[in-house]
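Trainee: Got a minute to walk through a model with me? I'd like to go over the chain contact first, then a few local details.

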Amino acid sequence: MSKPARVAVWVAVAIAGAFSVATIALHRGEEISAMWLVVAAVCSYAIGYRFYSKFIAARVLSLDALRATPAERLENGRDFVRTNKWVVFGHHFAAIAGPGPLVGPVLAAQFGYLPGTLWILAGAVFGGCVQDFVILLFSVRRDGKSLTEMAKSEIGRLGGFVAYVAVISIVVILLGVCALIVVNALKASPWGTFTIAMTIPIALLMGVYLRRMRPGKVLETSVLGFLLVLLAIWGGSWASHTPSVGKYFTLTAPTLAVLLIIYGFAASAMPVWLLLAPRDYLSTFVKLGTIAMLALGIVALRPTLHMPALTRFIDGTGPVFAGSLFPFAFVTIACGAISGFHSLIASGTTPKLIARETETRMVGYGAMACESLVAIMAVIAACVLQPGTYFAINSPAGVVGQLPEAATAAISSWGFPVSAADMHALAQAVGEQTLFNRTGGAPAFAVGMANIFSHSIGGQALMAIWYHFAIMFEALFILTVLDAGTRVGRFMIQDALGHVWKPLGRTSWYPSILINSALIVGAWGYFLWQGVKDPLGGINSLWPLFGISNQLLATVALCVATTIIIKMGRARYAAVTLTPLAWLVAVTFSASYYKIFDPNPRVGFLSHASQLAAAPTAAGTAHLIFNDRLDAAVTAILIIMVAMILIESAADWIRILAGRKQPVVRETPFVATRFATEERA
Amino acid sequence: MKNLLARICSSNRRAWTILGAVLREIFDESAYARFLERRQLTTSPDAYAEFLAESRQQRERRPRCC
């Protein structure tokens, strides 16, 4: 393509993007098509990738195609393998795409579609994509070192310690909140519970099939597993309509919580090949297929958004979670905009597969842009619902009341009309007994997704199947995070306790496996139990806590990145990571302050504890007060740790910039690639 | 026109090949193939069990993102 033609194309993309963003930002009082969001997103990512990431690659990082990557220098056919860039891209995307970009945007939709959309676009282009890209590149230049190792070597022992604490905290809180989402999606739902219960024997069967009958045929096994899951969805309908069977799968939230805790412990202690690996494959298969289907469904049907651009709840009085637009929209949506967890993936498997340094741009920046698009699809799925329906599903009984009439009256009084009869009809259509008080985002997303799918295939007749397909997809997805996360957390605790008493660090010693599995499951199980027993639905306190810990990990990652950029002598470009870092510091420190000290008991942990203490004593009050104080203490510890790493990093930057310290870049020395003349893939 | 059609067909074929390679990598089929090649083995339940044992540590410690 000639240069004028290229310029014309990019000008057209910029105009289309600007026009779409203006449309979603300025339209008030009338419904808009979801396609505006899609076009705005695609154009923003395209421009961000083409221009901003190219600038970072050339000026800030000076990517060098002639420098051998660890995949080349340390190639062993096992961990370090030179891999085609598209293959690494797919692998990386599959690893970073989790339930976060689906759940966070659905919860943040209580503010309207506009805040979430703008944050996802700006956050990804200037924050999340940049973080993933630079951390991936820095890990590649350090033989695939992990974030914790880089923090230790670049910032100091404190940096490594804080990164470790941030990672273990995020894992524990993430697992607790993920389990809570599954509990809220499956409580009193025999159909959903039956389907998910069946995925366990299906995974075991897949494990045996893969190991004994068709060794290594993972794709084939995953297709078979997927067909069995579809059968299980159909079987769920039968179970829910057969009272003698359905009663065994109609479970309360506490029962489901106990079952999940037992499952987590078993998954952590069982052989990987039997349950964890096949389930992981099945989940990935369903995940990739469903995301592709959802994207196609949205583009083909171009649904209308019924949620207004902004709702009255930007003032902080929202029923889904309490807290004002700033800072809570920005911690509620972490994955999809910027997620610290990605830095673990970008400094994990991916850097060991990169064939050329220049490919880190496409893999790091590009894959995050794709995940951000998934978050935009979640915004759309939530906002195609009538707002009254959205709030009826997502509002906890503690806010809108237990009875359908009370809930609908409260929601209608906010200006979002909905009736008990409408909700009953919707519950019937999706094959549930009720959709009230289904906090956590997953059921609302499932209803939205079923809504979109049922307009393309099967009409209303298949609404229930689509809803349970979506619930199965989310729950399977989340349970995979749960069992893999429990194992990763167990290893982290083993690594740490191994310094205290050597046998506890031995990963093959069964008592150590059992003790450490119990510790990690006990930790996230406590948060889960706390959420289940919380009259405000649990999500109100736990999701912001998860968002804060995730963003704090991103803060650690950006501190590491900024330190390295300054040490590289590129201080004039440090704004590339300093700007998102400053924003995250403002967001997370404000959110933490509000969560601990806000006088509104729905927002502040301590004021909620005081309110409970002042009220007449009821059963369980002391426990709720303890939980509030524990949450406040966890938030405070996290924020203090991150403040320490920030101060340590900033002091280091100042010393280097003032010439009082000699910067030492701890990169692996340059080795020229043997593939310099290889045709670029 | 013929040239354009041929180019489209070729791009299409390449896209499917890459998609297949991506899926094989994501689902560890490529890793197993590399293992067989490295160890000069043919596929069998025993070889697969060995592959699983070898990659156990890496697989167990692989985080799944939120």
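Mentor: Sure. For the contact, two residues count as touching if their C-beta atoms, placed from the backbone, lie within 7 Å. Keep in mind that this is a predicted model.

Trainee: OK, so how many residues does the contact take from chain B and from chain A?

Mentor: It takes 29 residues from chain B and 44 residues from chain A.

Trainee: And which helices of chain B supply at least two residues of the side that touches chain A?

Mentor: That would be α1 (2-26), α2 (29-39), α3 (45-54) and α4 (56-60) of chain B. The largest share is from α1(B), with 6 residues.

Trainee: What's the side of chain B that touches chain A like by class?

Mentor: There are 15 nonpolar, 3 polar and 11 charged residues on that side.

Trainee: Zooming out a bit, how many helices and strands are there in chain B?

Mentor: Chain B has 4 helices and 0 strands, and from the N terminus its elements run α-α-α-α.

Trainee: What radius of gyration does chain B have, next to a compact globule of 66 residues?

Mentor: Chain B comes out at 18 Å, while a compact globule of 66 residues would be near 11 Å. Along the principal axes, its C-alpha atoms fill a box of roughly 55 × 35 × 15 Å. As for burial, 26% of the 66 residues in chain B are buried.

Trainee: Switching to backbone oddities. What's the phi of B:Q40?

Mentor: Near 55°, which is a positive value in a residue other than glycine. B:Q40 is in the loop between α2 and α3 of chain B.

Trainee: Is B:Q40 buried or exposed?

Mentor: B:Q40 has 6 C-beta neighbours inside 10 Å, so it counts as exposed; the cut-off for exposed is 12 or fewer.

Trainee: And what about the phi of A:N437?

Mentor: A:N437 also has a positive phi, near 55°. It's in the loop between α20 (420-429) and α21 (442-454) of chain A. A:N437 has 23 other C-beta atoms within 10 Å, so it is buried.

Trainee: Where's the cis peptide bond?

Mentor: It runs from A:F326 to A:P327, with omega near 10°. A:P327 is placed in helix α14 (residues 325-332) of chain A.

Trainee: New topic: why is helix α7 of chain A largely enclosed?

Mentor: Because 6 of the 8 residues of α7(A), residues 147-154, are buried. Those are A:L147, A:T148, A:M150, A:A151, A:K152 and A:E154.

Trainee: What covers the buried residues of α7(A)?

Mentor: The cover includes α6 (113-140), α8 (157-186), α15 (341-346) and α24 (539-567) of chain A. Just after α7(A), A:G156 has a positive phi of about 130°.

Trainee: Last one. How do the axes of α8(A) and α22(A) cross?

Mentor: The axes of α8(A) and α22(A), residues 463-500, come within 9 Å and cross at roughly 150°. Angles over 145 degrees count as roughly antiparallel, so that's what α8(A) and α22(A) are to each other. Their crossing is left-handed.

Trainee: Which residues make that contact?

Mentor: From α8(A), they include A:V167, A:V171, A:L174, A:C178 and A:V182. From α22(A), they include A:I471, A:E474, A:I478, A:L482 and A:G485. By class, the contact of α8(A) with α22(A) has 20 nonpolar, 3 polar and 1 charged residues.

Conventions
Residues are numbered from 1 along each chain as its sequence is written. Chains are lettered from A and ligands numbered from 1 in the order in which they are written. This is a predicted model: local features need pLDDT of at least 70, side-chain atom pairs count only at pLDDT 80 or more; totals for chains, interfaces and linings use all residues. Ala, Val, Leu, Ile, Met, Phe, Trp, Tyr, Cys and Pro count as nonpolar, Asp, Glu, Lys and Arg as charged, and the others, Gly among them, as polar. The radius of gyration is taken over C-alpha atoms; the globule rule is 2.2 Å times the number of residues to the power 0.38. A residue is buried if 20 or more other C-beta atoms lie within 10 Å of its own, exposed if 12 or fewer, and partly exposed in between; C-beta atoms are placed from the backbone. Axes are lines fitted to C-alpha atoms, for helices over the stretch in contact, and angles run from 0 to 180 degrees between N-to-C directions. Angles under 35 degrees count as roughly parallel, over 145 as roughly antiparallel, 65 to 115 as roughly perpendicular and the rest as oblique. A crossing is left-handed if the near helix is turned anticlockwise from the far one by less than a right angle, and right-handed if clockwise.
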